[in-house]
Each structure stands twice: as structure tokens, then as C-alpha cells.
Amino acid sequence: MLSRSFFRAVLSICLVTALGGIQAALAQVLAPTVPESVAVSSERLERLTATLQQYVDDGQLAGAVALVARHGRVVYHEAVGLRDMGSRDAMRTDAIFRIASQTKALVSVAVMVLQEQGKLLISDQLSKHLPEFATTTVAVKQDDGGYQVEPSRRAITLRDLLTHTAGIDYGTGIAEDRWAKADIQGWYFAHRDETVRDTVSRMASLPFSAHPGERFVYGYNTDILGAVVERVSGQSLDAFLREAVLDPLGMDSTHFYLPPGKTGRLATVYSASGSGLERAPEPGLGIGQGHYVKGPRVSFSGGAGLLSTAMDYARFLQMMLNGGSLDGRRVLSRKSVELMTVDHLNGIPFRAGQGFGLGFSVVTDVGARGQPGSVGEFGWGGAYHSTYWVDPQEGLVVVYLTQLIPANGLDEHSKLRALVYQALTD
């Protein structure tokens with residue numbers, strides 16, 4: 001008769017073998033693979049490289065990095081052109097980019113993490129967490145070209161902020177004179193020597209551009225949510241985001257301000273002009289190199305402050321595609337991800353064929369949008385001409401990073417989309 005110790009030993013071996021298999025499988029998340037193994041054509045992907053390289057050769061782009069993953073495997077991760085034209089330093093796939101409004105998705109996830117921790121509800125009034133917003137106002141344009149200020153028709157909720165329906169723009173709307181006087185305009189915060197909480201607090205007394213819940217107005221919504229995260233968590237946005245999202249996902253090259261050892265990887269910003277590409281100012285406010293290396297390092301902008309790499313951001317998107325987890329680490333529940341990636345606008349006009357969820361645009365009608373894709377696809381982009389999307393129907397994650405502001409109508413985003421989808425073979 002076999003002893004119990006024998007069965008325990010056999011069971012132990014089986015468990016170790018099973019766990020080893022699980023760990024091996026987890027280790028392969030976003031590992032490179034032969035494109036054909038996930039029904040993508042290697043030959044057709046070469047068209048993408050050739051096309052992006054042509055933009056470089058034509059002097060329309062200094063450089064860029066593109067990453068395509070399907071079913072959790074990286075089938076394309078290429079760099080073209082130069083990280084810096086002056087030094088002739090080649091672009092590398094681990095280059096760090098200013099991702100601007102791509103920050104919004106990460107901070108929106110941070111808000112959902114706090115909801116899952118029981119510390120807030122997205123239906124909460126903003127004033128519950130930031131009392132200075134208890135009474136807000138709206139600027140209403142008058143026939144004579146001026147405006148009058150009236151009380152908001154209802155309170156702002158966190159969900160309004162997540163969907164950009166709180167009526168808050170970037171300080172350049174109807175009452176831009178008052179926003180300019182308060183020195184709060186534009187999406188750029190890195191130069192500020194005050195906390196985002198202090199800047200947001202000063203916004204509360206300024207007139208907004210629409211009544212809550214009535215229009216899609218793109219603006220400081222996610223910066224305000226960043227201040228909410230700080231207030232509710234008791235941590236800086238930087239610390240909470242790293243603890244709740246960045247570290248669990250292994251996003252080691254994602255920062256608000258670069259550590260000294262990583263500054264050599266930061267891609268240079270260029271501007272498109274009639275005579276070609278020009279190096280953007282140093283540091284420049286919003287259109288320049290920025291204060292991400294030598295700035296005050298005080299203001300953590302939830303709306304546009306982060307720097308990252310294509311691989312780091314792809315890990316974040318793969319977590320969303322996976323329903324909230326990556327490499328065995330769960331950041332969000334599946335139901336929170338589902339809630340974030342459906343349209344919440346309820347008929348409020350936005351873009352043809354698209355709605356907006358909690359931090360992402362969402363495709364609702366492929367034909368109305370008129371580009372390759374799928375219903376349920378979600379994504380966004382950044383001011384420095386970056387873009388990304390996730391297509392759950394096709395198991396796709398796509399990240400495209402460059403540093404070009406203004407881009408002056410450059411059309412490579414549309415070509416990127418067409419060339420990714422034409423490479424699918426199933």
C-alpha cells in the first residue's frame with residue numbers, strides 16, 4: 001500500500017509543475033511572437049514600416065515608435081527615424097515620450113480603483129471631495145458679444161468629469177479673460193510651482209463654459225480628478241498612481257518627471273512648419289520640450305502630465321483588454337473595465353460613430369466613423385501627436401508615439417490604422 005507521504009509528494013510535484021506552467025504562460029504576456037502565430041501577416045506589416053519611414057524621409061516626422069499586439073503577443077514593435085535630429089541619435093523602441101492626454105486614461109483608472117476600494121463613487125458630487133466646488137457658475141454668451149455669469153443648473157459629479165460633460169474647458173472659452181487673469185489656461189502644468197490641488201482649487205471660482213451634463217467639453221476634467229485622487233487617497237497623484245497602477249503593471253519607464261538616469265531616452269519635440277521640421281522651444285509652455293527634466297517637479301497633471309514608452313503603455317492597454325489584470329496582477333475588476341469602455345454620453349453630440357466612456361472614446365458605429373475598426377473599440381491620443389486604441393473584437397492593442405506639435409494635418413494616424421487592419425489574415 002502506498003503511503004500518504006507518497007501521495008503528498010506526487011501532489012506537490014503536480015502543483016509545482018502546474019504553477020510553473022502558469023508562470024511560464026504569464027511570462028509570455030506581450031512577449032514578441034511570429035505574427036503568423038496570431039493570424040497577422042509579417043509581409044503585410046512591412047508596409048507599415050515602409051510607410052512610417054517615408055514620412056521620415058520626406059521630412060514630415062523626426063521619428064516614431066509603433067507597437068501592435070494581438071491576443072497578448074507583440075507582433076510589431078519598431079522605431080523609425082531619429083530621437084533627436086541635432087545629435088542624429090537614432091530612435092529606439094525604448095524611447096520615452098511625452099504622452100500628454102494619454103495620461104487621462106491612467107488617472108481615470110485610478111478613480112475606478114478608489115471606487116473599488118470603497119472610498120468614493122463616480123456618482124458622487126465633486127463637492128463631496130473638493131468642497132470649493134459646492135457652488136459653480138457658467139458663462140453664457142450674449143448677443144452683444146459679451147457674456148453673463150449664472151449659477152450652474154446642477155452639481156458636477158465625478159462621472160461628469162470622467163466623461164468630459166462637466167462643462168469645463170481649458171480656460172479658452174467664453175470667459176477666457178477671467179481664466180487668463182487667474183493664470184489657468186492650456187493643458188500644460190509641468191512648469192507650475194504649486195500642487196495640482198492648489199491649481200484646481202482656484203478653478204472652482206471661475207465661470208465654466210457649459211452646464212453640467214449638457215455638452216461634451218474637453219478640458220481640465222481629469223486634472224480635477226487628479227486632485228480628487230490626492231484628497232481621497234491622502235497621497236500625491238504620483239504616489240497613488242504608481243502604487244495602484246504603474247508598479248503592478250511593471251510600467252517602470254512611466255513618470256511625471258524623468259529620473260536623471262532616463263533623460264537620455266527622452267524624444268525631442270518638433271514642430272511642423274512651412275519650411276519643414278523645427279525643434280520646439282526649450283523648455284516652452286505646452287509646445288516645447290517642457291519642464292519634465294528640470295522643472296519644479298511639484299505639479300502632477302492628471303490630464304496631461306505623464307511620460308512613457310510604447311511598451312509601458314501597451315501593458316496598461318493589455319490590462320484593460322484582459323478585463324483588468326496582467327501577469328497575474330489585478331488592477332481593476334472586469335465589471336469596472338466594462339463600465340469604462342461603453343458610451344456614457346446618452347445622446348450628447350460627440351464624433352460621428354463614436355461615444356465617450358470613462359476616460360476613453362468608444363466606437364459605436366464603424367460605418368458612421370468611416371475607418372477600419374470594430375464596435376466597442378476604445379482609445380484616445382495626446383497633444384504631441386500620439387495615438388492608441390484597443391479593439392476587443394480583434395484582440396488588438398495599438399500604440400503609436402511621436403513628438404510633433406503642431407502636426408499641421410499630418411495623416412499618418414489614418415494610414416497606421418489602415419495598415420494595421422490590412423495585416424490581419426483571419
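## Helix α12 and its packing

In this predicted model, helix α12 spans residues 412–421, and its buried residues are E412, L416, R417, L419, V420 and Y421. These buried residues pack against two helices, α2 (42–57) and α11 (366–369), and against the strands β2 (63–70), β16 (386–391) and β17 (396–401).

## Strand β2, one of the partners of α12

Strand β2, against which the buried residues of α12 pack, is itself largely enclosed by the rest of the structure, because eight of its eight residues are buried. In a regular strand, side chains alternate between the two faces of the sheet. Both faces of β2 are covered, with G63, V65, L67 and A69 buried on one side and A64, A66, V68 and R70 buried on the other.

Strand β2 runs antiparallel to β3 (residues 73–84), to which eight bridges join it, and within this pairing A69 stands opposite V74 of β3. The two strands form a hairpin with two residues between them, and H71 in the turn has a positive phi of about 50°. Strand β2 is also joined to β17 by six bridges, again in an antiparallel arrangement, and the bridge partner of L67 in β17 is V399.

## The surroundings of V337

V337 lies in helix α10, which covers residues 334–340, and V337 counts as buried because its relative accessible area is 5%, where the cut-off for buried is under 20%. When neighbours within four places in sequence are left aside, V337 is in contact with M320, G323, G324 and L332. The C-alpha atoms of V337 and L358 are separated by 9.3 Å, these residues being 21 residues apart along the chain.

How values were computed. Residues numbered from 1 in each chain as written. Predicted model: local features only at pLDDT ≥ 70, side-chain atom pairs only at ≥ 80, totals over all residues. Heavy atoms only, no water. Buried < 20%, exposed > 50% of the residue type's maximum accessible area, 1.4 Å probe, protein only. Helix = DSSP H or I, 4+ residues; strand = E, 2+ residues; numbered from the N terminus. Contact = heavy atoms within 4.5 Å. Pairing = 2+ DSSP bridges.
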